[in-house]
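Okay, everyone, thanks for coming. Let me put the structure up on the screen, and then I'll walk you through a few parts of it.

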Amino acid sequence: MSSVRLTVHDAFALGSIDRRLLGGFLEHMGRAVYTGIYEPGHPTADEDGFREDVLGLVRELGPTIVRYPGGNFVSAYDWEDGVGPLEERPVRLDLAWRSRESNRFGLNEFAAWCRKADVDMMLAVNLGTRGVDAARNLVEYCNHPGGTFWSDLRKQHGAAEPHGVKVWCLGNEQDAPWQIGHKTAHEYGRAALEAAKAMRRVDPGIELAACGSSNSRMPTFGSWEATVLEETYEAVDYITLHNYYEDVEGDLPSFLASSDSMDDFIRTVVGTCDHVKGKLHSAKTMNLSFDEWNVWHQTEFHRGDDTRVPWRDAPELAEDVYSVAEAVVVGTLLISLLNHSDRVRMGCLAQLVNVIAPITTEPGGTAWRQTTYFPFADVTAGARGRALRVEVDSPRHPTGKYGEVDSVVAAATHDEVSGELVLFVANRSTDVAVPLELELAGSLAGHTALRHRVLQDADPGATNTARQPDAVRPRDVPVNGPIRLEPVSWNVVRCARRPA
Ligand code: AHR
């Protein structure tokens, strides 16, 4: 049986990890908000109507920042509808998801929820149907201390202190024909630049993300990024990436290799950023925000623009049930993000609750962890300090879509305070177990594997459901010999000096 050798030296660091790499996403879509995180009258609802059972699961999952309110939803959303007295808030048609939006949950509710969930806010502004004016007013409402129309309105609405929102997305997927207010790259670049200028004049401390492509298969991918960055380069801090992965053809080996495609996508966008940097003779290096990524059964999903569907309140949308194999893919996507964390500084698992999510709820009932919950929770708990480069010498296997690929992929983080080295390792082979060999060098030379946690099942199709919420759980495997990476498995190996 051939083994995989992972070589790690503490001198080969990619740099410190921005913890905002491990964010989530909450959109007004389906049951993410209503009967997801917010359900007044639910047995666990607190005084704000937030489900405590869900809050507990979110805290345990550990996202650091949550993007809100969309997504496609934001491109026709008037943020003013979601603030102020509940009885005065209008019911609107949400054109993104063909839903009725009650606006009972809005900005200040989100801010209160984030405080309870212990996450930072990432807000998106509407650059679809709106523009500079609504965007700069929103920043004033959120971040200005007081004494002006919008900041005093916030106080009147019960939020005495500014929300201090640091990260702002300049619209959402404006390259996409399905987007309300879809734009050409040039039109969007101009709109984003002008919004960015005004928003920064209100609060110079904010960070801004310009929209990249909706995915790497878009016909304008590449040229979109180049044009948008040429317009906005000095005014923004990030270009965004979105991509969802799925097993379309029942080809598990190819699906399990999806992170190779994510690696390639990131490298290509980095290349475009650096091309524009050179072209503009800029001293600044553009960072990336991968603010939508996940596994999504997208081919089964009916878009929100199907006018045959009746208007509904918080309908069930994209409530994918995830398997162990899909959790392993989520783990490999996290490995890809960690291995590019020198340039990908922020990321959002899309989404958080019910809609393509690691947490599922029943209205009035229980909430449980999907399989994909576990690799994400492992990384938020374990990835501290710096990402280190891992040299992977792995057996390889063929796939239909990507040719020969490494069976094993890995990322490493090193917490210089505790000294702990954490290895995140996935075996993408469907049938071969791979023994793990570690070559730890530099100050890591005395380290040894002390703990091994694995997510794997005899049936890679196993799932968690309301009836069997704990059918799939990670397990701790005693480390008293060589570590074995089971086929289709996600592994966390914690290394430190053995206690004397
Ligand atoms: O996350 C679901 C949707 O996927 C978002 O609204 C949109 O940005 C993307 O296409």
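So, look at glutamine 351: an N or O atom in its side chain is 3.0 Å from an oxygen atom of the ligand. Keep in mind that this is a predicted model. Which other side chains put a polar atom by an oxygen of the ligand? Glutamate 27 does, with a polar side-chain atom 2.6 Å from a ligand oxygen. Glutamate 292 does as well, where an N or O atom of the side chain and an oxygen atom of the ligand are 2.7 Å apart. If you step back, there are 13 residues around the ligand, and the closest are Glu27, Asn72, Glu173, Tyr244 and Glu292.

Okay, now the barrel. Eight strands close into it, and going round, the order is 2-3-6-7-8-9-10-12, with parallel pairing. On average, neighbouring strands of this sheet are turned by 30 degrees against each other, if you ignore direction. In general, strands of a sheet pair through backbone hydrogen bonds, and that can be parallel or antiparallel. Zoom in on one pair here: strand 2, residues 23–25, and strand 3, residues 65–68, run parallel and are joined over two bridges. In that pair, phenylalanine 25 stands opposite arginine 67 of strand 3.

Next, some helices. Helix 3, residues 132–143, lies across strand 6 and strand 7, and runs at about 165 degrees to strand 7.

Then there's helix 8, residues 258–279. How far should its 22 residues span? At 1.5 Å a residue you'd expect 32 Å, and the end C-alpha atoms are indeed 32 Å apart, so the two agree. Its buried residues include Met262, Phe265, Ile266, Val269 and Val270, and also polar ones such as Ser258 and Asp263. What do those buried residues pack against? The partners are helix 6, helix 7 and helix 9, along with strand 9, strand 10 and strand 12. Just after helix 8 you'll find histidine 281, which takes a positive phi of about 55 degrees.

Last stop, histidine 163. You'll find this residue in the loop between helix 4, residues 149–156, and strand 7. Is histidine 163 buried or exposed? Its relative accessible area is 16%, so it counts as buried, since the cut-off for buried is under 20%. Setting aside neighbours within four places in sequence, histidine 163 is in contact with Asn108, Ala111, Arg115, Met121, Cys142, Asn143 and Arg154.

That's my tour, so over to you.

Technical notes. Residues numbered from 1 in each chain as written. Predicted model: local features only at pLDDT ≥ 70, side-chain atom pairs only at ≥ 80, totals over all residues. Heavy atoms only, no water. Pairing = 2+ DSSP bridges. Helix = DSSP H or I, 4+ residues; strand = E, 2+ residues; numbered from the N terminus. Axes fitted to C-alpha atoms, helices over the stretch in contact; angles between N-to-C directions. Contact = heavy atoms within 4.5 Å. Expected span 1.5 Å × (residues − 1). Buried < 20%, exposed > 50% of the residue type's maximum accessible area, 1.4 Å probe, protein only. Near = heavy atom within 4 Å. Polar contact = N/O pair within 3.5 Å; in protein donor to acceptor, adjacent residues only side chain to side chain.
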